[in-house]
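Here are my notes on the model, as numbered points. Please read them with the structure open.

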Amino acid sequence: MKSLDGRGSIHRALVAVVDDDESVRESLPDLLGELGFDSKVFQSAEEFLVSDSFAKTRCLMLDIAMPGMTGFELQQELKARGQDIPIIFITAQKEETVRKRALERGAVGFLLKPFSDTALLGALNTALGLR
Amino acid sequence: MTESANFQNDVPLGTSIPTGEASLESILCTEELNRRASRPPDYEKENRALVALMSALDHSPSTIFQTLAETILDIIQCDSAGLSLLTRDGKKPDVCGKRFYWPAIAGMWNPHVGGGTPRNFGPCGDVLDRNCTLLFTHFERRYPYLQPVIPAAVECLLVPFYVGGQAVGTIWAIMHSDRRKFDGEDDRVMGSLGKFASSAYQALASIDDLRFQVAERQKAEAAVRELANGLQARVQRLVDANIIGIFIWNLDGKILEANDAFLHIVEYSREDLVSGDVRWTELTPPEWRDRDEHTLAHLRAHGSAQPYEKEYIRKDGSRVPVLVGAALFEGGGNEGVAFVLNLTEQKRAEEVRERLRQAQAELAHMTRVMTIGQVAASIAHEVNQPLSGIVTNASTCLRMLDADLPNFEGARETARRMIRDGNRASEVITRLRALFNKRNPTFEVFDLNEAAKEVVALSVNELQRNRVIPQLNLAAGLPSVFGDRIQIQQVILNLIRNGSDAMSTVEDRPRELLIKTESDESGGVRLSVRDTGVGIDPKVEEKLFEAFYTTKSDGMGIGLSVSRSIMERHQGRLWAIRNQGLGATFILAIPCSTNT
């Protein structure tokens, strides 16, 4: 799906990645770049909350199980702050119940690690399509 | 008797003679003895009498004094005859005495037996003072206390006798009328009778002494016999109590006698024993014979041998572990006694302990696995990281190469990352494999109650540390179950630990943990662990068994999810309920061995 890969627009959409997983933080930005997105990585939910990228972030890729504030807790916090950023949860937890829970909480996407680039693109399009 | 009358008249020493009494000289006429014509001696009669006296001393020493008095009467042909002996208590001779008593009297004065005179004021006293024979006439004129002693003594011949050079008393002859007067012959005969009196006195003293010694010896013998009987009775009780096997053996290998306990140990009958079929040399298995030889040598040298463990062969050929001690009887014979203790129970207890130790080691290992399970989860998580990194990098790599303007440097970088991540994943798996030596489940038939008891026994220290009181309510007669014993024990341990943790904040009530087993309606067996802890929050009830669900800050949420999958693998179930009162109950159900 190359039509909505963001390459055409002047401003590439900013995707924020919050994951305590180092290899995710290392590899995802390059892939996102190839897919036509800008990205910023954060080690923890707290780090994201204190950053100044809120306004510009078009989509949030969020890990669930993290030490400290979990993905779900960050989602809660953002809702409380009235920040309506579309969230794609990325996680290694295969359990159906986790997926159900994530979607119930209003996530636009749920990706199971390791995920393919096509799956990633699909989720991103869904997320940005709602904007 | 005039005894008391006489002794009331005891005159204390140093008192002056009451006036009106005759002087001593006036009542003596000793010199008359030699002036008077002597009657002819009757040596034959005298000798017969002496022989009779010696015989009497031999046969009836207790009455010798009376016999002597009668002999004096007979030979001297007087009216009364008797002895005076120094005494203290008036009943038996005592040379330190202060008075005389009459132990024997023959003739007319016989009724006065037992009476006596004071040492310091009396005829016998005079004789001992002068140390010679004296002839008195009417001595009651001097010694008023003798006046009541009737008939009066017209003449009294007193002869002292000695023992060990010391005067101990007198013999005397009395005439109550003028019919006869004592002469030199009487003096001579009384002299020789006096010597006999000495012998009799000494003999009696010896006999008394002997009698005393015999009595003492008899007392001692009685005491020893008592002791021996008591000891024998005790030994007999020991033999009969049949707590220890006891047998009597000889060096030739025979068993001469044995108690029931011993026969029971080796399972031979009493008939076997009596017929001589049971020989201790053959009871011992061949590999123990050397030790036996060694023991025998020690026995011969020292009389006893230290107890040692060995085995006997029973009548049916089976072995029994025993502890044997032996001793040779004193007296240099070839017989002895042996004590045998059956060690079967001890060995069994040791086996149980060993099994428990092994079970503990296995359970510890499995618990480590449980904890490793938690670690494994995080490690799995860790493996997933490099793997997803690889997939992402690979996707990037392809896109970079597919671009109109290929980004070779970018592609190379992703490739490098992939290699690195691949290696990392491999390391993690190696680490995981080392820690987690996965055990293949072994299914067998086993008793759930026994398995539960083992787990509780192993946890009791930990529970005590947490002030948790475990209570077991295990139903009897439950059917055996079929499964992997260790894994089921893992589940039970998990439930017990969870129950204990649930009560870790409880302070106002006892921390009770009830472990119960019972039959299931479906025919299987149920085990429940009930605590009085914080209970189950209804909001999280359905998540309890989920992987990674935990209420513990350091928990990974593995225990219950692994436990549930173990139960599912056993065609069983694991679930939890909130108690009517406080706390929660976790229940596992497992089908019994016939249901699979």
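1. Start with helix α16 of chain B. Its buried residues are G559(B), L560(B), S561(B), V562(B), S563(B), R564(B), I566(B) and M567(B). That makes 8 of the 11 residues in the helix, which covers 559-569, so α16(B) is largely enclosed by the rest of the structure. Look just past the end of this helix as well. There, Q571(B) adopts a positive phi of about 60 degrees. Keep in mind that this is a predicted model.

2. Chain B as a whole. It contains 16 helices and 19 strands. Its length is 596 residues, and 33% of them count as buried. Consider contacts with a sequence separation of 6 or more. In chain B, 62% of these come from residues 24 or more positions apart.

3. Helix α5 of chain B spans residues 64-77. Does its length fit a helix of 14 residues, or what span should we expect? At 1.5 Å a residue, the expected span is 20 Å, and the end C-alpha atoms lie 19 Å apart, which agrees.

4. The same helix is mostly covered. In α5(B), 11 of the 14 residues are buried. They are I64(B), F65(B), T67(B), L68(B), A69(B), E70(B), T71(B), I72(B), L73(B), I75(B) and I76(B). Note that E70(B) is on that list. Which elements do these residues pack against? The partners are helices α4 (43-59) and α7 (184-241), with strands β1 (80-87), β3 (105-107) and β7 (166-175), all of chain B.

5. The largest nonpolar core has 56 residues. Those that touch the most other members are L68(B), A69(B), I72(B), A81(B) and A173(B). The element that gives the most to this core is α5(B), with 8 residues. Take L68(B) as a case. Beyond its neighbours within four places in sequence, L68(B) is in contact with L53(B), L83(B), A104(B), F196(B), A197(B) and A200(B). Another core, of 33 residues, lies apart from the largest one. Its members include L28(A), L60(A), M66(A) and L120(A).

6. One glycine deserves a look. G336(B) sits in strand β12 of chain B, residues 335-342. Is G336(B) buried or exposed? It has 20 other C-beta atoms within 10 Å, and 20 or more is the cut-off, so G336(B) counts as buried. Its link to W249(B) spans 87 residues in sequence, yet the C-alpha atoms are 5.4 Å apart in space. Leaving out residues up to four places away in sequence, G336(B) touches W249(B), L299(B), A326(B), A327(B), L328(B) and F329(B).

7. Now chain A. It has 5 helices and 5 strands. Along the sequence they follow the pattern β-α-β-α-β-α-β-α-β-α. Of its 131 residues, 37% count as buried. For contacts with a separation of 6 or more, residues 24 or more positions apart supply 60% in chain A.

8. The sheet of chain A is open. Its 5 strands run in the order β2-β1-β3-β4-β5, with parallel pairing. Strands β2 (38-42) and β5 (109-112) of chain A stand at the edges. Each has a single partner strand, so one side of each is left without a neighbour in the sheet. From one strand to the next, the twist averages 20 degrees.

9. Inside that sheet, β3 (57-63) and β4 (87-91) of chain A pair in the parallel sense over 4 bridges. One bridge joins L60(A) to I87(A) in β4(A). L60(A) is also among the members of the 33-residue core.

10. Two helices of chain A lie across the sheet strands. Helix α3 (71-80) of chain A crosses β1 (14-18), β3 and β4 of chain A, at about 150 degrees to β3(A). Helix α5 (117-129) of chain A lies across β3, β4 and β5 of chain A, at about 165 degrees to β5(A).

11. Finally, the interface. Here 21 residues of chain B are in contact with 17 residues of chain A. On the chain B side, α12 (344-402) and α13 (408-435) of chain B are the elements that give two or more residues. The most come from α12(B), with 14 residues. By type, the chain B side divides into 6 nonpolar, 11 polar and 4 charged residues.

Methods
Residues are numbered from 1 along each chain as its sequence is written. Chains are lettered from A and ligands numbered from 1 in the order in which they are written. This is a predicted model: local features need pLDDT of at least 70, side-chain atom pairs count only at pLDDT 80 or more; totals for chains, interfaces and linings use all residues. Two strands pair if DSSP finds at least two bridges between them. Axes are lines fitted to C-alpha atoms, for helices over the stretch in contact, and angles run from 0 to 180 degrees between N-to-C directions. Two residues are in contact if their C-beta atoms, placed from the backbone, lie within 7 Å. Ala, Val, Leu, Ile, Met, Phe, Trp, Tyr, Cys and Pro count as nonpolar, Asp, Glu, Lys and Arg as charged, and the others, Gly among them, as polar. The expected span of a helix is 1.5 Å times one less than its number of residues. A residue is buried if 20 or more other C-beta atoms lie within 10 Å of its own, exposed if 12 or fewer, and partly exposed in between; C-beta atoms are placed from the backbone. A nonpolar core is a set of buried Ala, Val, Leu, Ile, Met, Phe, Trp, Tyr and Cys residues joined through C-beta atoms within 7 Å.
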